[in-house]
Amino acid sequence: MTPLLSVQGMTKRYGAHIGCADVSFDLYPGEVMGIVGESGSGKSTLLNCMAGHLRPDAGQVVFDTRTDGPRDTVTMSEPERRMLGRTDWAFVHQHARDGLRMGVSAGGNVGERLMAVGERHYGDIRDKATDWLGRVEIDAARIDDRPTTFSGGMQQRLQIARNLVTGPRLVFMDEPTGGLDVSVQARLLDLLRGLVRDMGLSAIIVTHDLAVVRLLADRLMVMKNGRVVEAGLTDQVLDDPQHAYSQLLVSSVLQV
Amino acid sequence: MNAYNFAYLDEQTKRMIRRALLKGLAIPGYQVPFASREMPMPYGWGTGGVQVSAAVLTPEDTFKVIDQGADDTTNAVSIRTFFQRTAGVATTTVTHDATVIQTRHRIPEEALGEGQILVYQVPIPEPLRFLEPRESETRKMHSLEEYGLMHVKLYEDISRHGHIATSYAYPVKVEGRYVMDPSPIPKFDNPKLGDMAAIQLFGAGREQRIYALPPYTQVVSLDFEDHPFEATKADHPCGMCGAQDSYLDELIIDDAGGRMFVCSDTDYCEARQAAGHKGKDAA
């Protein structure tokens, strides 16, 4: 089986400082990978390098494209990479404001990716937008409201709808539940889990919240100081952490 | 008139502008940066158009200026006088006598022919400006032909108003490649942009951009399949000349709700009146 995404020797330096160093892993179709670690451990740098937002200093990101099979997205041309970014890839930002157009209605936000790939029928775009708002549990009556009038949780769900409307195969998520209160987090996780299972999505989730990866991720990587210190099945890593830092991380979670 | 170089600008500046114009003509719809000069008029009064006119004028040219279609409004009169004084060229208000026409916000009703140049004054050359404020990003979007965002604007129009409510500066796609802001002409004029015999040059002074449409260029107004582009005008005949097919200005004529509709193109209206056409409000 061909991995959907294969990362080899990913390294990003900020001058003398290491962002992430020599990270390698494979992600298979339908698999959800969690990346955990403390602030500054290089999680987001790694994610941005994989998603093409940052240019890595070394390494490959080989993605199994629909048309041409496995291609290295780091060396592919910018138009191709941006095309991937709005078709087969999706990126969910931690802050919904970074991923949404705040001056454009909810329907326009969801429709943007459709129009970007050439959809030119208003009625169809609107139907799809309505359908997707329903799937992320936003009232269809809010379709013409701007995201500025939405609550934080709704904004985050709208961002997810906007990203998934073109049926991507790989979703990058950067702290998707950050900044939300626990009950809203729980509903969002529930929703994400449903979408990931229904659509057969592969996802890479960066978070510092172990509960999120426990619920969503099949596999886990623990990062510290830009390096992967432990990797394995989620339950295995969380229940029987081997590395000292993983043990610290797991034991730091408050048991309520 | 020896105090100024011909047409005010020095020859090096005109040369620089002509190079930008040639590049613009070679890549229809592409915004060419140019070193816009300080002109003796404020930004927003047509400094871009004036610089383009200065660069293309020759002593043999006949010059016409229109502002919202009219030859006799402040902007038109001042720019016409400016080139009368600094270039000494002949001026006219008759569209078919002019070789260079500088315009603000209209295309003349009368079809332009080969050998004529239409110079537009452009306030904001970037059609994506209000959707994507970062210039670095819009340039990238142009270069990679990522124009989905332009349709988001039209989508928002329909969702809010039930139809595409953008009525001026209506975005167009040039030769299937660049999306271009046609300057704030009414969308009624959009169909005239395409396949025009005359050369069309666009100058934005404050924004320091020049773009151009060579003769007989394909220009398509953006739309949706189920909401096609429509060139709209006020649904009245002209009150002065009775024309049914021209773009109209609505004038308030008293404080009791009285109004009349007249051609915005004064030369077109006067020519029709001289030919004996009469509208219902004509004296």
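Me: What is the strand order of the open sheet of seven strands in chain B?

Reply: Two strands pair if DSSP finds at least two bridges between them, and strands are DSSP runs (E, at least two residues) numbered from the N terminus, as are helices (H or I, at least four). In this case the order is 1-9-8-5-4-2-3, with mixed pairing. Strand 1 (32-33) and strand 3 (90-91) of chain B are the edge strands, each pairing on one side only. Strand 3 of chain B pairs in the parallel sense with strand 2 (residues 62-67) of chain B over two bridges, and Thr91(B) in strand 3 stands opposite Phe63(B).

This is a predicted model, in which local features need pLDDT of at least 70, side-chain atom pairs count only at pLDDT 80 or more, and totals for chains, interfaces and linings use all residues. Residues are numbered from 1 along each chain as its sequence is written, chains are lettered from A and ligands numbered from 1 in the order in which they are written, and side-chain values use heavy atoms, leaving out hydrogens and water.

Me: How many disulfides does the structure hold over all chains?

Reply: A disulfide is a covalent bond between the sulfur atoms of two cysteines. The criterion here is a pair of cysteine sulfur atoms within 2.5 Å, and the structure holds zero over all chains.

Me: Why does Cys20(A) form no bond with Cys49(A)?

Reply: The sulfur of Cys20(A) is 5.0 Å from its closest cysteine sulfur, that of Cys49(A), which is too far for a bond. Buried means under 20% relative accessible area, exposed over 50% and partly exposed in between (1.4 Å probe, protein chains only). Cys20(A) is buried at 0%, and Cys49(A) is buried at 2%.
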